[in-house]
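Grab your viewer and work through these exercises. Each one comes with a worked solution, so try it yourself before reading on.

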Amino acid sequence: MTLALVLGGGGVAGIGWHTGVLLGLAESGADVSGADLLVGTSAGATVGAQLGCGLALDLLFDRQVDPATLGTELTPPVPMAVLLERLMPIFAADVDADERRRRLGSLALTADTVSEDARRAMVGARLVGRDWPARPLLVPVVDAVSGDRRVLDAESGFDLVDAVAASSAVPGVWPPVTLGGTRYIDGGVWSLTNADLAAGHDRVVVLAPVGDPGVTRQIEALGPEAQVELVRPDAASLEAFGTDVLDPANRGPSARAGLDQGRAEAARVRALLGV
């Protein structure tokens, strides 16, 4: 039996929530942090990289709730309300998903953001190095021009910080990341969970901080033999996220709410694990 852990996108608040949920599960006998496969999209790419590189959950949680560590975070240059105004015409347009991704890529390529180097430095401060973990970690990104998905891993030829920075390059907020001459944006532009990448594993735990309209279809595509538990934020977690999941101030409250939710969700995850 093999276990895959899928960690979805959700901004800085999502990183905090993931960390809290995972610690709450572990404290309650449902530790999934040692999964055979990690799939990390956007915020989930950060947490997947941290787990894969062996950082302890209690240490990761302490980082999320410690105000002193906020100094390494960048304040998004665009308020969420302004970002939503810019995104609304793209999502309201009568175009297919491929064209919508290309339009999001165009927005990302023309946006006034911090430099790629500044963004890489911030992502690097969250991790413990640039080397990929020994166990499989899949990090989806999206080509900013073609809109195609590419899945990065240890064999892709790019270091871990660059891969995580690319997967969390929110269009219109953070700069696309240049890898091998191609510029990539947030893997959440393709899917906020990319749960389909867990194919071939018997048990799958999906943590989805932000609603993904395609996650049910992706889970179904894993096949009837796959046992899956999907964890979405409860009411307290959603309240902790606030109105802007990219605001670093929401990181600590989201981690604490996630810790409580992880403890509450542990029974069904233990059943999945058979413990």
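**Exercise 1.** In this predicted model, find which residues of the largest nonpolar core touch the most other members.

*Solution.*
- Start with the whole set: the largest nonpolar core has 68 residues.
- Next, rank by contacts with other members, and L5, L22, V32, L51 and L207 come out on top.
- Now look at where the core residues come from: helix α1 (residues 11-27) gives the largest share, with 7 residues.
- For context, nonpolar side chains in soluble globular proteins tend to be buried together.
- Don't stop there, though: a second, separate core has 16 residues, among them V6, L37, V206 and L222.

**Exercise 2.** List what V32 touches, leaving out residues up to four places away in sequence.

*Solution.*
- Drop the sequence neighbours up to four places away, then collect the contacts of V32.
- You should end up with L3, L5, L22, L25, V205, V269 and L273.

**Exercise 3.** Work out where S42 and N194 sit, given that S42 and N194 each have a positive phi without being a glycine.

*Solution.*
- Recall the background: most residues other than glycine have a negative phi.
- Take S42: phi is about 55°, and the residue lies in the loop between β2 (37-40) and α2 (43-52).
- Then N194: phi is about 50°, and its loop runs between β6 (182-185) and β7 (203-207).
- Finally, check burial against the cut-off of under 20% relative accessible area. S42 is at 7%, so it counts as buried. N194 is at 0%, so it is buried too.

Key: Residues are numbered from 1 along each chain as its sequence is written. This is a predicted model: local features need pLDDT of at least 70, side-chain atom pairs count only at pLDDT 80 or more; totals for chains, interfaces and linings use all residues. Side-chain values use heavy atoms; hydrogens and water are left out. Helices (H or I, at least four residues) and strands (E, at least two) are DSSP runs, numbered from the N terminus. Buried means under 20% relative accessible area, exposed over 50%, partly exposed in between (1.4 Å probe, protein chains only). A nonpolar core is a set of buried Ala, Val, Leu, Ile, Met, Phe, Trp, Tyr and Cys residues joined through side-chain atoms within 4.5 Å. Contact means heavy atoms within 4.5 Å.
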